[in-house]
Amino acid sequence: MTYSVAVSGASGYAGGEILRLLAAHPDTEIRTVTAHSNAGQPLIEHQPHLRSLAHLTLQDTTPEVLAGHDIVFLALPHGQSAQYTDALGDTPLVIDAGADHRLTSPEAWGAFYGGEFSAPWAYGVPELPVAGGKQRQNLIGASRIAAPGCNASIVSLSLAPGVAAGVIEPSDIVTVLAVGPSGAGKSLKPNLLASEVLGSANPYGVGGGHRHIPEIRQALLAAAGTDAPPAHIGISFTPVLVPMARGILATSTAPIAAGVSDSRIRDAWEAAYGDETFVQLLPEGQFPRTADVLGANTALLGLAIDRNANRVVVVAAVDNLVKGTAGAAVQSMNIALGLPEATGLSVNGVAP
Ligand SMILES: NC(=O)c1ccc[n+]([C@@H]2O[C@H](COP(=O)([O-])OP(=O)(O)OC[C@H]3O[C@@H](n4cnc5c(N)ncnc54)[C@H](OP(=O)(O)O)[C@@H]3O)[C@@H](O)[C@H]2O)c1
């Protein structure tokens, strides 16, 4: 069977990457692409790298245009999805790349995003340890999927094995991320101008206000399970914009739980990801670079045990537009539809 697909936000970065992956997917046919201010223009003017889709024209994003497909991808600024999802009740599968359907807590949504709260959908990070298994099990047969925040997913993947195994203290998590400006989207913003970004490392969202914090907290709570939930998950989260178009290098640390041996710590991550294709733990002493995962649906993790500081250190690299968004969306789509999970996705990156 070939599934018909509509992609909204197709002139943007996330929409463009979803299109790039689907163009090579054997089971999907991209029928419709939509945008907002650029509706009416040829897709190829906004995504000149997508040569095989040069015949498509960006249409206006309306419920009528999006309806009638087997699968709809929404890649819109947060807060915009709900107006379409309500009208797509008959669409068998809707996948939202935005934040609108990620959070389960209305209070967290109100505190970090504001505006109307929308119902949570199945969270699109299949490899995340959750009570009783992996998040993958919640995606089988799903009809509504929330793809993750790019920073949130890599920090959650970095620390969830330690939380699930009880080998780290989640009350004192510190994470610092080097992030490329494509994570902030394609619309014009002065802080993303080349003259502001090139030759500089620019912190932003410092001090606990970043919108991905509640998403990480939610994922780590799910990893902890309900038997002995942590009293408090404290996350100090500091992203730093660096001059690379794509990529995230997240360095996350947390205290080692009392009485836990080094081998138990490493075992927790090996047990969590040893059988995974797209989330890989590097051998002891090795740490990833963002260059190793560009264009790949792969998250690479390096683990260190710092006994002087009594902390676990996880350094993780991901391509924010692939495993951080579009790849996670397509991988989740494959699971929901019962297709082989890796269909249309590459574990290999491009280098140099
Ligand atoms: N960039 C990433 O690495 C990343 C990672 C994870 C998740 N996401 C999420 O993916 C979503 C899209 O992000 P992005 O980076 O692709 O942003 P972007 O590059 O700025 O693209 C936004 C897209 O949405 C369209 N759009 C803007 N306002 C709209 C409206 N009111 N109604 C309908 N369409 C509208 C734009 O169309 P026009 O160009 O025609 O105006 C454009 O196609 C966001 O929710 C973001 O949080 C992004």
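The legends below describe close-up views of a predicted model, covering the surroundings of its ligand and the two domains of the protein chain. Because the model is predicted, local features need pLDDT of at least 70 and side-chain atom pairs count only at pLDDT 80 or more, whereas totals for chains, interfaces and linings use all residues. Residues are numbered from 1 along each chain as its sequence is written.

**View 1. The shell around the ligand.** The ligand is surrounded by 31 residues (a residue is near a molecule if its C-beta atom, placed from the backbone, lies within 6 Å of it), and the closest are Gly12, Ala35, Gly98, Gly185 and Lys186. By class, this shell holds 11 nonpolar residues, 19 polar residues and one charged residue, where Ala, Val, Leu, Ile, Met, Phe, Trp, Tyr, Cys and Pro count as nonpolar, Asp, Glu, Lys and Arg as charged, and the others, Gly among them, as polar.

**View 2. Helices at the ligand.** At least two residues of the shell come from each of α1 (13–23) and α10 (322–337), with helices (H or I, at least four residues) and strands (E, at least two) taken as DSSP runs numbered from the N terminus. The largest share, three residues, is that of α1.

**View 3. The ligand between two domains.** The domain assignment, which is automatic or from a database, gives domain 1 (3–148 + 323–337) and domain 2 (151–320). Both domains give residues to the shell, so the ligand lies between them.

**View 4. The contact between the domains.** In this view, 23 residues of domain 1 are in contact with 33 residues of domain 2 (C-beta atoms, placed from the backbone, within 7 Å). On the side of domain 1 that touches domain 2, α10 gives the most, with six residues.

Notes. Contact = placed C-beta atoms within 7 Å.
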